[in-house]
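Here's a quick tour for anyone meeting this protein fresh. Have a look at the picture, then read on.

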Amino acid sequence: PQGYWKGGTVSVYGYGGGIIPRFSEVGKAFPKSKEFHTLRVQPPAGNHYSTAMLRQLADSWEKHGSGLVTFHGQTGNIMFIGADTNATQHFFDEINDYGWDLGGAGPCVRTAMSCVGAARCEMSCTNELKAHRALVNNFVDDVHRPALPYKFKFKVSGCANDCQNAIERSDFAVLGTWRDDMKVDQNEVKAYVQAKGRQYIVDNVITRCPTQALSLNDDDTLEVNNRDCVRCMHCLNVMPEALHPGDDKGVTILIGGKRTLKIGDLMGTVIVPFRKLETEEDYEEMVEMGENIIDFWAENGLEHERCGEMIERIGLANFLDGIGIEPEPNMSATRARVSYVRMDGWDEAAEQWFERQAEKAAG
């Protein structure tokens, strides 16, 4: 059987990606379907559009393309679907003049995504939009000129709710988190118990905690064992007026998330359990880490192999060694499922870990 579409090569001057070429197999029977290319355009960080921006884009697309637009797939791009080869350059030139750029397509750094974050969400633990822009601005050449084993994606979510699906869908996931105690307003907890009843709180908050870190006291106050809290966000989502992230905020960085390709779906593996993201130096360090990871993967990844698949193939220890990051206990990709663990070299490894912590504290 014959499919309706075949690929090809279409680009704009100076770019190697950003356009998905579609040529029709049935162009003779349906002449208007002969060419129906898709242009990927990068959105603003956090998808902050004004209606004027959207009208301007829509008018340009009505002029040069089909008028069909998609907001937003997991690619992160605005997808302008349906233009012929001649129109792609004209449409790009027009929107580029008033500030828009093509996104990633092909074996390149793909369009980054970030949640609306601190602009409108009380759970935000970092400046998502700044992190997004720092990464995109640095890797813009790698977006436009595909030269990698396969695609590499950055996503930024302001908390562990992960509204951007960063853990599941990005090679480099930046998640906002906190490392001090969760903030609890006991008066609001009591008001919530009063309004909903103790049974409701027990069934929907206390027993839903994955590490059993919560308990409801006899006087209707909430007790939190912060040492066991894994920041899953469930209790904060159910009682947002009573519970809130702590004050010592930062980010967790996970590497290697992806959907099924050579091997099945992978969740990101924690590489940096906690890092402050406040000063310009902090942002520069994050970008530099991204550069080191992409360089190592570009050198060691097989063709059409995602970063997470490379880590699975060469092992996490070799990957950490290659990017110059010391291993930590939090970097385990999965929990141990049996209680019988080999302890060869345990004492030496533990001693080295404590020495590194002491050096950090002293430095």
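Two strands pair if DSSP finds at least two bridges between them. Helices (H or I, at least four residues) and strands (E, at least two) are DSSP runs, numbered from the N terminus. What you're looking at is a predicted model: local features need pLDDT of at least 70, side-chain atom pairs count only at pLDDT 80 or more, and totals for chains, interfaces and linings use all residues. Residues are numbered from 1 along each chain as its sequence is written, and side-chain values use heavy atoms, with hydrogens and water left out.

**The big picture**
- The secondary structure adds up to 11 helices and 15 strands.
- Along its principal axes, the C-alpha trace spans about 75 × 55 × 45 Å.
- Of the protein's 363 residues, 42% count as buried (under 20% relative accessible area; exposed is over 50% and partly exposed is in between, with a 1.4 Å probe and protein chains only).
- Take the contacts (heavy atoms within 4.5 Å) with a separation of 6 or more: residues 24 or more positions apart account for 64% of them.

**Strands and sheets**
- Strands of a sheet pair through backbone hydrogen bonds, either parallel or antiparallel.
- One open sheet has four strands in the order E2-E4-E6-E5, with antiparallel pairing.
- Its edge strands are E2 (19–20) and E5 (68–70), each of which pairs on one side only.
- E5 is joined to strand E6 (residues 78–83) by three bridges, and the two run antiparallel; Leu-68 has Ile-81 of E6 as its bridge partner.
- Elsewhere, strand E7 (residues 113–114) runs parallel to E8, with two bridges joining them, and Ser-114 stands opposite Val-156 in E8.
- In a regular strand the side chains alternate between the two faces of the sheet.
- In E8 (residues 154–157), Phe-154 and Val-156 point one way while Lys-155 and Ser-157 point the other way, and all are buried.

**Two arginines**
- Arg-40 sits in strand E4 (residues 37–41).
- Arg-40 is buried yet has no salt bridge, and the nearest side chain of opposite charge, Asp-171, is 12 Å away. A salt bridge here is a side-chain nitrogen of Lys or Arg within 4 Å of a carboxyl oxygen of Asp or Glu; Lys and Arg count as positive and Asp and Glu as negative, while His and the chain ends are not counted.
- The Arg-40 side chain does reach the backbone oxygen of Gly-104, at 3.0 Å.
- Arg-306 is in the loop between H8 and helix H9 (307–314), and it counts as buried because its relative accessibility is 6%.
- The side chain of Arg-306 makes a polar contact with the side chain of Asp-171 (2.9 Å). A polar contact is a pair of N or O atoms within 3.5 Å; within protein, one must be able to donate a hydrogen and the other to accept it, and residues adjacent in sequence count only if both atoms are side-chain atoms.

**Helix H8**
- H8 (residues 280–300) has 21 residues, so at 1.5 Å a residue it should span 30 Å, and its end C-alpha atoms are indeed 30 Å apart. The expected span is 1.5 Å times one less than the number of residues.
- Buried residues of H8 include Tyr-283, Met-286, Ile-293 and Trp-297.

**Leu-222**
- Leu-222 is found in strand E12 (residues 222–224) and is buried, with a relative accessible area of 4%.
- Leaving aside neighbours within four places in sequence, its contacts include Val-189, Ile-206 and Leu-243.
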